[in-house]
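The exercises below ask the reader to work through a protein structure step by step. Each task is followed by a worked solution.

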Amino acid sequence: MPIVAALLSVAGLAGVAVVAPILTARRVAWATPVVYGASFVLAAVLLICGLLALLGGSAFQGTVHLPVGLPWIGAHFALDPLSAAFLVIVDFGAVVASFYAIGYGAHEEEPGRVLPFYPAFLAGMNLVVLSADAFSFLVAWEFMSLSSWALVMAHHHDEENRRAGYVYLLMASFGTLMLLLGFGLLAGPDGDYAFSAIRTAEHVPWLSGLVLVLMLLGAGSKAGLVPLHVWLPLAHPAAPSHVSALMSGVMTKVAVYGFIRVVFDLAGEPAWWWAVLVLILGAGSAVLGVLHAVLQRDLKRLLAYSTVENIGIVFIGLGLGLAFKTNGMAGAAALAVTASIFHAFNHSLFKSLLFFGAGNVLTGTGERDIEKLGGLVHRMPETAYLFLGGCLAISALPPLNGFVSEWLILQAILLSPDLPQWALRFLVPASGAMLALAAALAAACFVRAFGITFLSRPRSPAAETAHEVSRWQIRAMYALLAVCLIAGIFPGPFLDALSPVSQMLVAGAMPKQPILPHLSIIPISESRSSYSGFLVFFFIMMASWAAIRVIHNFASRAVRRAPPWDCGFPDASPVTQYTANSFAQPIRRVFGPIAFRAKISQTMPQPGDMAPARLTLSLRDLIWEFIYAPIEGAVLYAAERLNILQFLTIRSYLSLVFAALVLLLVLVATWA
Amino acid sequence: MGLILAILIQGIQMVLVLALAPGLIGFTRKVKARLLRRQGPSVVQPYRDLLRLVRKEAVLADNASWLFRNAPYLIFATTWVAAALVPTFAAGLHFSWAADLIAITALLGSARFFLALAGMDIGTAFGGIGSSREMLFATLAEPAMIMIVFTVALVAGSTQLSTVAEFMVDHSTLRVSLGLALIGLIIVALTENARVPVDNPATHLELTMVHEAMILEYSGRHLAVIELAAALKLLLYISLIACIFAPWGMARQDDGVLGMLVGVVTWVGKLAIGGFLMVLFETAIAKMRVFRVPEFVGGALMLGFLGTLLLFVSRSF
Amino acid sequence: MERFSLDAAHLLAGGMVLVSFMMLYQNRILGLLNVFAAHAVVLSLSVAWQAYVQSAPHLFVTAAIALILKAIIIPVALHHMVLRLGVHRDIETVGGIGPTMLMGIGLVALSMVVMLPAAAEADPIAREDLALALSVILLGLLIMVTRQNAISQIVGFMSLENGLVLAATGARGMPLVVEISVAFSVLVAFIVIGVFLFRIRERFDTIDTQALDDFREGRE
């Protein structure tokens, strides 16, 4: 049974995690490949289990009840279509990350701080997806958070990384607390924590609404929804690159899984205002995330903010699904939910690809700051080519997979005028506009990222002496790019694979996608709209091949190399070319004043004065300023005030104890 | 027989758009010159220019990469595929189910992505200016286009261009949302094709550089291919406006050869009228300074959004 | 024909909303005055169309007043005053044009939400025209609120009044439309005169025409 095999593999990963410290303590040279290789094999087994359960139907699904954990609950594990779909997402990411890490991990200075926690992290994530009762879900969730925290703190000598770990720990604890409260409300006063029991229990509407808010706070903070995203751009860059890829590409999807499981499956019938909340948070995350990303100079932080944007897009789809589900429009709900999950899958693919590329750049040059890079397309050609593929995918350009999922969400928006609630009728087109804006800004962001890092001329010695990386790393990226291309050209089978999931969640499914004769996907019906990724790809290839052949054969194919055009001033210095900051300046000038209260001021010295002119740019993170800084201030203030408790006299302590005792006795007397 | 005919019509469309695109550019240059009381170059001059360029040796900078060498063909291919899917003389194209309006917008976005990367490849300041300004305009023009697509799709019931064209031919009415969408689409077309008031296609001065800056380093056959792609893009936008907002004369599914010929003649006429009106507008207005353009294109985004909002609120808008 | 007259009325009302947005977009006074003249032209077309459709000839008089007074006389007069008095010709906006246009969209959405469910018993056609007219009124108020220049505030007020006339003619059988429009125009004229009297007083410290006569050139 696949679920048994899955649980055994998870146990195997935990075993590897236990063995790893022994290997690293002995300073064995082959510790790294063995640990990552074992993770690769076990994650592959889990991937196969997930695929079997998703594609094979109910014959391969099932539940398991183990007598571990709390004695009156035990531990329930289940493999149903939703968990199978997310198991595939998690484990495909884990498989390629482990393969990548065999090459990347060779450069790790302190393998003892990374190797034990990596398999533990994988085990935690898989266990969250497999859990079928609230207690094991929460234990696995915490396990996942703590092991990823340990991985974030791997390079603890850096002050920035320590701060990142601290913020991450705070936000993760907050998130778990919210989840705890949410599950507590769902389980009710009787405390039956099994998902199967919660599913069939009676739900009071306002209680379900409260559960939604708690899930948005808990799972949303782990996924990276604005305004709870602040830990993401700090923590994801701090970890080693393969772990960053897992955190951005996979762990955020585990959080999305948690949200979908509770809100669509366990909490009963949704109310229409749930969609309002989810849409607002999703649209806000999409635009704010990419606006931050456009202005970043640290390559990994840029990718982390881009994750916030894509999670926003996933939640826009989920909000649409909730809106349609509440109003009984099953076909439209199925389209929206399928598009969201497909986008989650696509994002895990191309975000991992991009993070691996960033890891290659870090290995090859030692730099993460794109202002010091440039010209890497000549020194690291394969990485450049693969990174370009990732940039194309994330910018939602046909014929790759990012375009397909965004196209499906846009088609879902076009079905919304039939919604009866007025708030939704205004919010849905606004979300559509923000989605389109986010997609266009993402394209600008990745033109900048690729252009400044890989194209143009090297801006520092590190970039001039870059070298290409190991074959393990390159081959992992090829695998990801290949799947991106396949998902973009033949999205039909992927959408069909997700129909049992949407059937389970919204009691409806997208129409069966035709294999022949058109190889196109049909979101609602053939007369409304369709898209054939294969034909678009085929036509583009044929057109470019034809153009090249015709021109080379009938015109000229001669090439001559010469210095670039320099307007009469020979310019050898790479300082004169566009920097990342200058590339983003127009966008910053247009969107900055609204989103960041951007202000530019300059002081010019008088003529004849030898002092330098100064240009000051101030950007404020409004969310940090208005939400987190006041909370920080309030907590510090309370702590200061309560600090006097440390310095009281002995008599005061005794009086406190005496007062507490008297108070309790009075309470007992009045309530007895 | 029907299938072969349909594929033949699609093939004729692909060849026709390619053949007429430089002619459209030549026509607009001639009209502009005449309006400015000059003689102007001949209408077939762009064809001669393309032939001349294609036969020349391409001069590449020392540090030009494989992306720089291959980008022109990718830009051309994506633009040509997009142009082949816009109904021009016949409303029902055989491969129109392969890509709808959103996909056409995204294909043009791919072309722009590669063009911007090519601009950054050599590492000069000119290329950087062009690419960064182009991406700024795209940041607002693409969502504007998507909102306009939404407006049209909500009126016509589909994003498939053939269905939209047939709907517009059958039910041509005045509607507020379509009026707003038309103005928005005109603004987006001016922006995307680098015409006055957004960019001046006739100069290479830094002040007016966006599109010309990105292709500054290109020469020979690469430049010819990119110029052809730019001409195709202009033809695509004018045909799109004609298809959605002035669809009279287009051949329907079952019209015979005569219907097709009428369609071709009316289409060429619409191209001429569109080109003339565009040039008239260009000579009447000055080019905007760069940071006024986001407000201009933002206006198109607002109009598209307003049109969509009105249709969401009430179907009769 | 019924459908066409409906669509034409919507188109003209929507045209007024569009021209209001164009007024929000302007950043020079002379441009603003030209767009305001266009606003009045569209208003007179819309009123004339209503006069034709409702067979109410007195509305033709309203259309003529709008055309002559608000599309020709007032813009030309303001144009002259701006040039003669050397008024600062850039319009300073509060907040920038982008956010202002976003607020404009919000106001249009607000007027839709208010009008469309509320007037459910009325003719659905008139309801949508009323919603568009309310949008024009709110946009006129927005122009007044987000501009720091007196002339632009006056133009905002006049466009607000145009919206009121549009609303009045859209609802059938509203009496005294002509009289009300004349009264409003006189009111606006007084406001314009008032503004310039204040400017004159600021510049010359007096509005006593006897004293001002001494400042006239060519007088010995």
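**Exercise 1. Determine how strand E3 of chain A is joined to E1(B), and in which direction the two run.**

Solution. The model is a predicted one. Begin with the location of the strand: E3 of chain A covers residues 559-562. Next, consider the bridges: four of them join this strand to E1(B). The direction follows from the same pairing, since the two strands run parallel. For a specific position, take A:Arg561, which stands opposite B:Leu60 in E1(B). Finally, consider A:Arg560, whose side chain forms a salt bridge with that of B:Glu57, at 3.0 Å from N to O.

**Exercise 2. Describe the extent of the contact between chain B and chain A, and state which residues of chain B lose the most area.**

Solution. The size of an interface is often given as the accessible area lost when the parts come together. Here the area buried between chain B and chain A is about 6,900 Å². Carbon and sulfur atoms give 74% of that area. On the side of chain B, the residues that lose the most area to chain A are B:Trp97, B:Phe113 and B:Phe312, which together make up 11% of what that side buries. In terms of residues, the contact takes 77 from chain B and 81 from chain A.

**Exercise 3. List the polar interactions across this interface, then characterise the side of chain B that touches chain A.**

Solution. First, count the salt bridges: the rule finds two across the interface of chain B and chain A. Second, count the polar contacts: 23 residue pairs are found, with both residues at pLDDT 80 or more. Third, identify the elements of chain B that give two or more residues to this side; among them are helix H2 (45-55), strand E1 (58-61), helix H4 (101-121) and helix H11 (293-313). The largest share, 18 residues, comes from H5(B). Fourth, sort the residues by class: this side of chain B has 48 nonpolar, 17 polar and twelve charged residues.

**Exercise 4. Is A:Ser416 buried or exposed, and which residues does it touch?**

Solution. Start with the place of A:Ser416, which is the loop between helix H16 (401-414) and helix H17 (422-453) of chain A. A residue counts as buried under 20% relative accessible area. A:Ser416 has a relative accessible area of 0% and is therefore buried. Not counting residues up to four places away in sequence, A:Ser416 touches A:Leu320, A:Phe324, A:Val428 and B:Phe312. B:Phe312 has already appeared among the residues of chain B that lose the most area to chain A. As for polar atoms, one in the side chain of A:Ser416 lies 2.8 Å from the backbone oxygen of A:Ile413.

**Exercise 5. Summarise the make-up of chain C, then place C:Val47 within it.**

Solution. Take the secondary structure first: chain C has eight helices and zero strands. Then consider burial: of the 220 residues of chain C, 51% count as buried. Next, consider the contacts in chain C with a separation of 6 or more: residues 24 or more positions apart account for 72% of them. Turning to the single residue, C:Val47 lies in helix H2 (residues 29-54) of chain C. Its relative accessible area is 0%, so C:Val47 is buried. Leaving aside neighbours within four places in sequence, C:Val47 is in contact with C:Leu59, C:Thr62, C:Ala63, C:Val165 and C:Thr169. By contrast, consider a distance: C:Val47 and C:Met115 are 68 residues apart along the chain, and their C-alpha atoms are separated by 20 Å.

Notes
Residues numbered from 1 in each chain as written. Chains lettered and ligands numbered in written order. Predicted model: local features only at pLDDT ≥ 70, side-chain atom pairs only at ≥ 80, totals over all residues. Heavy atoms only, no water. Contact = heavy atoms within 4.5 Å. Buried area = accessible area lost by both parts, 1.4 Å probe. Salt bridge = Lys/Arg side-chain N within 4 Å of Asp/Glu carboxyl O. Polar contact = N/O pair within 3.5 Å; in protein donor to acceptor, adjacent residues only side chain to side chain. Helix = DSSP H or I, 4+ residues; strand = E, 2+ residues; numbered from the N terminus. Nonpolar A, V, L, I, M, F, W, Y, C, P; charged D, E, K, R; others polar. Pairing = 2+ DSSP bridges. Buried < 20%, exposed > 50% of the residue type's maximum accessible area, 1.4 Å probe, protein only.
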